[in-house]
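This report describes the fold of one protein chain, going from the whole chain to a strand, a helix pair and a single residue.

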Amino acid sequence: MPNQTSIVCLFSIAFLWISGVCWTGTARGDESADAAEIQRSNIVFVIADDCTFRDIGCYGGQALTPNIDALATQGMRMTHCFQAAPMCSPTRHNVYTGLYPVKSGAYPNHTTVDPGTKSVVQYLGDLGYRVAQSGKTHVNPKSVFTWEKLNADGKKKQGKNPDFKRIDKFFAECKQAGQPFCLLACSNEPHSPWDKGDASQYPPSDLELPPYFVDTPETREAFSRYLAEITYFDGQVGKLLDLLDKRGLADNTLVMVVSEQGNSFPFAKWTCYDTGLQSACVVRWPGKVEPGAVNPAMIEYVDFLPTWIEVAGGIPDKNLDGASLLDVFAGKQTHKNYVFGEMTTRGIHHGSEYFGIRSVRSGRFKYIWNFSPEMEFQNACTRSKEFRSWVQAAENGNEHAAELVQRYTSRPEIELYDIQNDPLEQDNLAQMPQYTAVKDRLKAELDRWMTACGDAGHQTEMKAYDRMPGHSPKSK
């Protein structure tokens, strides 16, 4: 029979073992806590700027993207990823807060969320993660986004792309401390003016233009430079992956690469067509995501933050609008039945005085509601030399050019597209009576979503300047 002393020792050992297994806190003096932290996956999120998803190599595009393509073979390529707004600032607020744009208040461009809103910094920081950001920010206020800033000193333009020297130092520090991290690496490419990369790889005369482009010399030359800048972005992705390898972090890091909204050619950025709202999303997570997987589940950017919280060992707040993607990463082929979009033209550079757009998309159909069909749709794109060349071609009798210019600048109130049979959204079915039931069903879903977000439609659009510090309306 064991004596009383040995029984006490056995109970003490058992208690310590249970504490080491169950404890997931962040107390730095507890070795078992440190061990638990090391096992939690790091997170690296890489986002491009104004890149149409279908222009990337592994999505069938013409851009040379060897690093992103290789990443897709090492992980999962999502084929139906969407964001809620086809503009930079609402998109980034959407990702970092886990809230839809109107709900957070960050629905115009150059915008801000309410002070006190929680972001990825607070959610993951409370779980023991170091959260850092490098490159383009475009979010406010700073009191919400209190991440470590890993940007180059000096000229403002230098801070618009990731600083790989500081990122490497950050990786090394986290590895040495055994602390999990979340890095948000935010490129400024391929945002216009498309002046980076080697355009000689893309001779303008050899390019295949999408059917919603007018074939002019100006368009071909610009598209060449744009593709070159996608390749430049791909090089940035490669540098980040190399740094993970260098520090021995790749096997324990969830990497996500997304393309953001579409490019600034017509029918992409600033629109609620799929070319504006759909995104590339490539995910690598060794041991948890099957290499070479392709997943058609419909997901949204708003789902990213709940996913990261679960990766970090937390439970997502019920206040968040998204749903974790861990089941999707594990191979589940479905996630959402509908995805939503909103565009606020009021307040963008060279935009219409107001032109609000909302959209809902099922697996088969896209429904778009243009609040102000009486207004001409304008933005920076309509002032570009490429679009001006389209207008000139139309004036010279090019019927295709005339049709595209008219379709881009003048919108009906309702648009409906059969995405499966018309993925580029060229044939508006809204006036066809056989689709009345489809329109009614999608309109009901859109109304439900807008109500849940506190979105009053045109009234919300007219209040956009209230969400844009330093901006004021041209007229009341």
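Helices and strands are taken here as DSSP runs, of at least four residues for a helix and at least two for a strand, numbered from the N terminus. The model is predicted. On that basis there are 15 helices and twelve strands in the chain.

**The chain as a whole**

The chain has 476 residues, and buried residues make up 58% of them. About 20000 Å² is exposed, with carbon and sulfur atoms supplying 54% of that area. Among contacts with a separation of 6 or more, 72% are accounted for by residues 24 or more positions apart.

**Strand S10 and its partners**

Strand S10 covers residues 356-361. It is largely enclosed by the rest of the structure, because six of its six residues are buried. Both faces are covered: Gly356, Arg358 and Val360 lie on one side, and Ile357, Ser359 and Arg361 on the other. Both sets are buried, the two arginines included.

S10 pairs with S9 and with S11, as listed below.

| Partner of S10 | Residues of partner | Sense | Bridges |
|---|---|---|---|
| S9 | residues 339-344 | antiparallel | six bridges |
| S11 | residues 365-370 | antiparallel | five bridges |

Towards S9, valine 360 of S10 stands opposite phenylalanine 340. Towards S11, serine 359 has isoleucine 368 as its bridge partner. The connection from S10 to S11 is a hairpin of three residues.

**Helices H4 and H10**

Helix H4 (residues 88-97) and helix H10 (residues 304-311) have axes that come within 6 Å and cross at roughly 30°. The two helices are therefore roughly parallel, since angles under 35 degrees count as such. On the H4 side, Val95, Tyr96 and Thr97 make the contact; on the H10 side, Phe304, Leu305 and Trp308 do so.

**Threonine 219**

Where does threonine 219 sit? Threonine 219 belongs to helix H8, which spans residues 217-246. Its relative accessible area is 0%, so threonine 219 is buried; the cut-off for buried is under 20%.

Leaving aside residues up to four places away in sequence, threonine 219 touches Leu209, Phe213, Val214, Phe265, Glu386, Ser389 and Trp390. With one of these, tryptophan 390, the side chain of threonine 219 also forms a polar contact of 2.9 Å, made to the tryptophan side chain.

Terms used
Residues are numbered from 1 along each chain as its sequence is written. This is a predicted model: local features need pLDDT of at least 70, side-chain atom pairs count only at pLDDT 80 or more; totals for chains, interfaces and linings use all residues. Side-chain values use heavy atoms; hydrogens and water are left out. Buried means under 20% relative accessible area, exposed over 50%, partly exposed in between (1.4 Å probe, protein chains only). A polar contact is a pair of N or O atoms within 3.5 Å; within protein, one must be able to donate a hydrogen and the other to accept it, and residues adjacent in sequence count only if both atoms are side-chain atoms. Contact means heavy atoms within 4.5 Å. Accessible areas come from the Shrake-Rupley method with a 1.4 Å probe; for residues, only the protein chains shown count as cover. Two strands pair if DSSP finds at least two bridges between them. Axes are lines fitted to C-alpha atoms, for helices over the stretch in contact, and angles run from 0 to 180 degrees between N-to-C directions. Angles under 35 degrees count as roughly parallel, over 145 as roughly antiparallel, 65 to 115 as roughly perpendicular and the rest as oblique.
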